[in-house]
Amino acid sequence: MDGVQDAGGLSAIRVDVGEETSRQANRRDWDRYADEYQSTHGAFLGDAGFVWGPEGHTEDDTRLLGDVTGKRVLELGCGAGQCSRWVNEHGGHAVGLDVSLRQLQHSLRIDAERGTTVPAVCATATALPFAADSFDIVFSSFGALQFVADAHAAVAEVARLLVPGGRFAFSVTHPTRWMFPDDPGEGGLVASQSYWDRTPYVEIDDASGAVSYVEHHRTIGDWVGLLAGSGMALVRFDEPEWPEHHDRTWGGWSRTRGLLTPGTAIFVAEMR
Ligand SMILES: C[S@@+](CC[C@H](N)C(=O)[O-])C[C@H]1O[C@@H](n2cnc3c(N)ncnc32)[C@H](O)[C@@H]1O
């Protein structure tokens, strides 16, 4: 992610892009990529599994959501709804929301195969189509939060939907990872840019010149400030350690890097 690089017909650059461009590009990208994503990672995620990140830490281990029994739960960037299905199988009432229709079609496919139902809503995390105070828990596992330009709007929407005392838990790429090239090997161990550079990572389609994918970086302090500014108190911050026998590479996440630097950050906050 340092400077321009070849990403297979794509050029990766750092440039400012806004919410509308991010949403449209990422929706198209996830629609294109959904089939490959589910065939590559579906078995690791589990049809009704709840994995917080490439390190494989699960909600069964961590219980970051607390007891979900009888709780109204919203998942942002749910993909094929694996985590929401886990919530429903543990007594909660989860709704999955995603900007990608193709990802949600995979959720419906898994439901049809298992005889389950995860209500699926196609919408963006920055404009949530629900009434105020309608959820006890909102969560996201690597979904939505690092793909939106307007994180302030996304967090404010979560705050609007949560009841007092409601919980918001989300995982994102660990902010320190943004200093390093997105390389699972030794090349990904040498810092090459500033932690404080928030300029988005953008992939441009070489043929058309169109923005085809965007990720947005926030520092740990940025996230804490966003949560506090929306009336939430941080109650837990997890940096999952790379498990001793885990040897699965997922994009830039690998054993080589995971033994040395955190790859995932999980924030847990509660409405005051
Ligand atoms: C890395 S995947 C994670 C999906 C799922 N949580 C999982 O663990 O497999 C990111 C998801 O976020 C969704 N997403 C991206 N931008 C979004 C937005 N603005 N609003 C809602 N979902 C979004 C993508 O479509 C994709 O399904």
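**The ligand site and the cysteines**

Let me begin with one contact: a polar side-chain atom of Tyr37 sits 2.7 Å from an oxygen atom of the ligand, where a polar contact is a pair of N or O atoms within 3.5 Å, and where, within protein, one must be able to donate a hydrogen and the other to accept it, and residues adjacent in sequence count only if both atoms are side-chain atoms. The protein covers 95% of the 590 Å² of accessible area that the ligand has on its own, by the Shrake-Rupley method with a 1.4 Å probe, and for residues only the protein chains shown count as cover.

Please keep in mind that this is a predicted model, in which local features need pLDDT of at least 70, side-chain atom pairs count only at pLDDT 80 or more, and totals for chains, interfaces and linings use all residues. Residues are numbered from 1 along each chain as its sequence is written, and side-chain values use heavy atoms, with hydrogens and water left out.

Two nitrogen contacts of the ligand involve the backbone: a polar backbone atom of Ser141 is 2.8 Å from a nitrogen atom of the ligand, and a backbone N or O atom of Val99 is 3.3 Å from a nitrogen atom of the ligand.

Turning to the cysteines, how many disulfides does the structure hold? There are zero disulfides, a disulfide being a pair of cysteine sulfur atoms within 2.5 Å. For Cys78, the nearest cysteine sulfur, that of Cys83, is 9.0 Å away. For Cys122, the nearest cysteine sulfur belongs to Cys78, at 9.3 Å.
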